[in-house]
Amino acid sequence: MRVLMTGITGTGKKSYAKAVRAACAQRGVTVEIIHFEEVMEACDVTGTFRTDTMYHHSRALLQLLCAQTLEEVQRRTAEAERQGARHVILDMHATYLWDHVPFSIASVAQIAKTFNPDLVVSLLDDTHELYHALKKRTDAASARFLADGSPLVDLLNWRMHEITIAEQIAFAAHRYDAVRKLSLPGFFLLSCAGGPSLLVQLLCESRYACMVTHPKRVVYASFAISVLKEQSGDGEHLRVAKRNAKEAINRFRTQLKEQFIVLDPYTITEKLLADAYANSAPDGVVLMVCRDTTTLTIPRDLVAPAVPLIEGQIVDRDERLVRSAESVVIYLPVLPGQDMPAPSEGAAFERIAARLHGRDTVLITEASRE
């Protein structure tokens, strides 16, 4: 299987791909990884190309070098498959960003025709995690990115553009596979926080993988989130009920993953950044704890313009995840004193999206006697 893996700076595509290769090797499955920018450097006859200074080159030169690189990628992919690689992962940026402007150096048609992917995946991470990753870098390009303008907004806009172009590549590479009886390529948004296991499952256990007798179904897990947040006016009985409901939802997510390949929207948690902003002092800073336990201090004026983008992209992202799934499974708890499941605008939207896109939909709840 050929996998095109995209993602903006800070997502750690290289380490993610290596983790996928290691996990597949434990299953006896060989994976070849091609890092696009490394091939660009190998194809550069001038000896001037470096990833940290590539923005200094003209777009025309980068586009020409990219075209040569795609030909070399095609050759390396065919060679890896002849040598017995079950899967080939091409790791590349679908887009770049400089001076607040996203741009591409290859057309979607070029990439689709040359690589002909079976899967297109776009890696994404929380905005504050991307910001943290850039702050740890020492190259001049990252320092300029962070110092100029509104980096959180740039990251959000760049990420959205990257996802859109990656999806366009999937559309351009569209074909029907009569053996697997499905349209290719599949398009998936994968969270860095979820680790490599989801892509490994898609490669080895899903209907996209060849020679899988009983493929696992890809399902989207939908559940209430906002309505279960504890409020200052909640009594102790309601607080306990909300905590119990959250525990039940986590059990639901765990149980789903035992039987299915699960697209879990809660592996992206940047809504917490918007919540931290709302709870911060008007003249203060926003504090976020990152996955590596670092407490990130972000100026409040950098977070403010990012908040509406975060909230809008949650809706867009969840709708794309629903489209990628074969089924949507919704779990809604019933809180004390209520005869109906806890209302959830998000779950309602996902249920509508699932039906509009022809996905199987299952609703699980706890009915009262009435």
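Visitor: Is Asp234 buried or exposed?
Guide: This is a predicted model. Asp234 sits in the loop between β10 (218–223) and α9 (236–259). Its relative accessible area is 14%, and the cut-off for buried is under 20%. Asp234 is therefore buried.

Visitor: Which backbone nitrogen lies 2.8 Å from a polar atom of the side chain of Asp234?
Guide: Leaving aside residues up to four places away in sequence, Asp234 touches Lys229, Arg239 and Lys242. The 2.8 Å separation from a polar atom of the Asp234 side chain belongs to the backbone nitrogen of Gln231.

Visitor: In what order do the 5 strands of the open sheet stand?
Guide: The pairing in this sheet is parallel. Its edge strands, each pairing on one side only, are β2 (31–35) and β9. On average, with direction ignored, neighbouring strands are turned by 20 degrees against each other. The order is β2-β3-β1-β6-β9.

Visitor: Which residue in β9 stands opposite Leu119?
Guide: Strand β6 covers residues 119–124. β6 and β9 pair in the parallel sense over 6 bridges. Opposite Leu119, in β9, stands Gly186.

Visitor: At about what angle does α7 run to β6?
Guide: Helix α7 spans residues 151–172. This helix lies across β1, β6 and β9. Its direction relative to β6 is about 175 degrees.

Visitor: Why is α7 largely enclosed by the rest of the structure?
Guide: Helix α7 has 22 residues and reaches 31 Å from its first C-alpha to its last, close to the 32 Å expected. It is largely enclosed because, of its 22 residues, the number buried is 16.

Visitor: Which strands does helix α4 touch?
Guide: Helix α4 takes in residues 108–115 and packs on the sheet. Its direction makes about 150 degrees with that of β1. The strands touched are β1 (2–6) and β3 (87–91).

Visitor: Where is the cis peptide bond that has omega near -5 degrees?
Guide: Pro185 is found in the loop between β8 (182–184) and β9 (186–191). The bond with omega near -5 degrees leads into this proline. It runs from Leu184 to Pro185.

Visitor: What is the phi of His100, in degrees?
Guide: His100 lies in the loop between β4 and β5, as does Asp99. Asp99 is not a glycine but has a positive phi of about 55 degrees. His100 is not a glycine either, and its phi is positive, at about 70 degrees.

Visitor: How many residues apart in sequence are the parts tied together by Phe223 and Tyr266?
Guide: The structure holds 8 aromatic pairs. Phe223 and Tyr266 form one that is edge-to-face, 6.4 Å centre to centre with 85 degrees between the planes. Phe223 lies in strand β10 and Tyr266 in the loop between β11 (261–263) and α10, so the parts tied together are apart in sequence by 43 residues.

Visitor: Is Tyr266 buried or partly exposed?
Guide: Phe223 is buried, with a relative accessible area of 6%. For Tyr266 the relative accessible area is 34%, and values between 20% and 50% count as partly exposed. Tyr266 is therefore partly exposed.

Visitor: Which residues do ring pairs link into a cluster?
Guide: A link of this kind is a pair of rings whose centres lie within 6.5 Å. The cluster consists of Tyr55, Tyr96, Trp98 and Phe103.

How values were computed: Residues numbered from 1 in each chain as written. Predicted model: local features only at pLDDT ≥ 70, side-chain atom pairs only at ≥ 80, totals over all residues. Heavy atoms only, no water. Helix = DSSP H or I, 4+ residues; strand = E, 2+ residues; numbered from the N terminus. Expected span 1.5 Å × (residues − 1). Buried < 20%, exposed > 50% of the residue type's maximum accessible area, 1.4 Å probe, protein only. Pairing = 2+ DSSP bridges. Axes fitted to C-alpha atoms, helices over the stretch in contact; angles between N-to-C directions. Contact = heavy atoms within 4.5 Å. Polar contact = N/O pair within 3.5 Å; in protein donor to acceptor, adjacent residues only side chain to side chain. Phe/Tyr/Trp six-rings, centres within 6.5 Å; stacked < 30°, edge-to-face > 60°.
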